[in-house]
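Reader: Hi! Could you walk me through this protein in plain words?

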Amino acid sequence: MDVFGEVVSNTSITPEYFWYEMTIEELGVVLESISKKNKEQWELMRLQTFHLIQPSLSKEGVKKLTPYKFMPFPWDIVQEKEVRKVSAEEKTSIINRLKDTKSTGKVAKI
C-alpha cells in the first residue's frame, strides 16, 4: 500500500490534510505510530496463538518453547553487523585520496 493509503486508512487524517497541510515531520511521526500499532497487533496475535497451542504440546515442548521461538519476527532478531578491520596501509591510502580530493575539488572514491 502506498503512503497516502496507509495514512488515510489507518488514521483519522483526511486526504485534504494529508495533501495540503501535513509536514514531512508529521508524516514521519504518523508512519512510526502506524508501524508501532501494527507491531503491537502482531505481538498480541503471537501470544494468543502461543497460548492456544500449549495444550497440544508435550511437557518438554511447553518448557522449551517460547513465544519468540514459536513465531519469530524480524524485530526480535538483533543482527550484528560484521565490521571489517582496516589495515594501516588502507587508512593511509584513504587519507591520501581525501587530501587529493580536497586540493583538486574532485569526488573521492573510497
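Author: Happy to; we can start with the overall layout and then look at single residues. This is a predicted model, where local features need pLDDT of at least 70, side-chain atom pairs count only at pLDDT 80 or more, and totals for chains, interfaces and linings use all residues. Residues are numbered from 1 along each chain as its sequence is written, and side-chain values use heavy atoms, with hydrogens and water left out.

Reader: Cool. How many helices and strands does the protein chain have?

Author: The protein chain has six helices and zero strands. Both are DSSP runs numbered from the N terminus, with at least four residues of H or I for a helix and at least two of E for a strand.

Reader: And how much of the protein chain is buried?

Author: Of its 110 residues, 13% count as buried. Buried means under 20% relative accessible area, exposed means over 50%, and partly exposed is in between (1.4 Å probe, protein chains only).

Reader: Let's talk about helix 3. How many residues does helix 3 have, and how far does it reach?

Author: Helix 3 has 30 residues and reaches 44 Å from its first C-alpha to its last, close to the 44 Å expected at 1.5 Å a residue. That expected span is 1.5 Å times one less than the number of residues.

Reader: Which residues of helix 3 are buried?

Author: They are Leu27, Val30, Ile34, Arg46 and Phe50. The cover over these buried residues includes helix 1, helix 2 and helix 5 (67-70).

Reader: Arg46 caught my eye there. Why does Arg46 count as buried?

Author: Because its relative accessibility is 0%. Arg46 sits in helix 3, which spans residues 24-53.

Reader: What does Arg46 touch?

Author: Setting aside residues up to four places away in sequence, Arg46 touches Pro67, Tyr68, Phe70, Met71, Pro72, Phe73, Trp75 and Asp76. A contact here means heavy atoms within 4.5 Å. The side chain of Arg46 also makes a polar contact with the side chain of Glu43, at 2.7 Å. A polar contact is a pair of N or O atoms within 3.5 Å; within protein, one must be able to donate a hydrogen and the other to accept it, and residues adjacent in sequence count only if both atoms are side-chain atoms.

Reader: OK, so what does the side chain of Glu43 make a polar contact with, besides Arg46?

Author: There is one with the side chain of Trp75, at 2.6 Å. Glu43 lies in helix 3 too. Not counting residues up to four places away in sequence, Glu43 touches Phe73, Trp75 and Asp76. Glu43 and Phe73 are 30 residues apart in sequence, with their C-alpha atoms 8.9 Å apart in space.

Reader: New topic! Which residues make up the largest nonpolar core?

Author: Seven residues do: Val7, Ile13, Phe18, Met22, Leu27, Val30 and Ile34. Helix 3 gives the most to this core, with three residues. A nonpolar core is a set of buried Ala, Val, Leu, Ile, Met, Phe, Trp, Tyr and Cys residues joined through side-chain atoms within 4.5 Å.

Reader: What is Val30 in contact with?

Author: Leaving aside neighbours within four places in sequence, Val30 is in contact with Val7, Thr11, Ile13 and Met22. Val30 counts as buried because its relative accessibility is 15%. The C-alpha atoms of Val30 and Ile13 are separated by 9.6 Å, and the two residues are 17 residues apart along the chain.

Reader: Last one: how many aromatic pairs are there?

Author: A search of the whole structure finds six. One of them joins Phe4 and Phe18, edge-to-face, at 5.2 Å centre to centre with 65° between the planes. Rings of Phe, Tyr and Trp (its six-membered ring) pair if their centres lie within 6.5 Å; planes under 30 degrees apart count as stacked, over 60 as edge-to-face and the rest as tilted.

Reader: Where do Phe4 and Phe18 lie?

Author: Phe4 lies in helix 1 (residues 3-10) and Phe18 in helix 2 (residues 15-20), so the pair ties together parts that are 14 residues apart in sequence. Phe18 also pairs edge-to-face with Trp19, with the centres 5.0 Å apart and the planes at 90°. Ring pairs thus link Phe4, Phe18 and Trp19 into a cluster.

Reader: Are those three buried or exposed?

Author: Phe18 is buried at 11% relative accessibility, Phe4 is partly exposed at 24%, and Trp19 is exposed at 55%.
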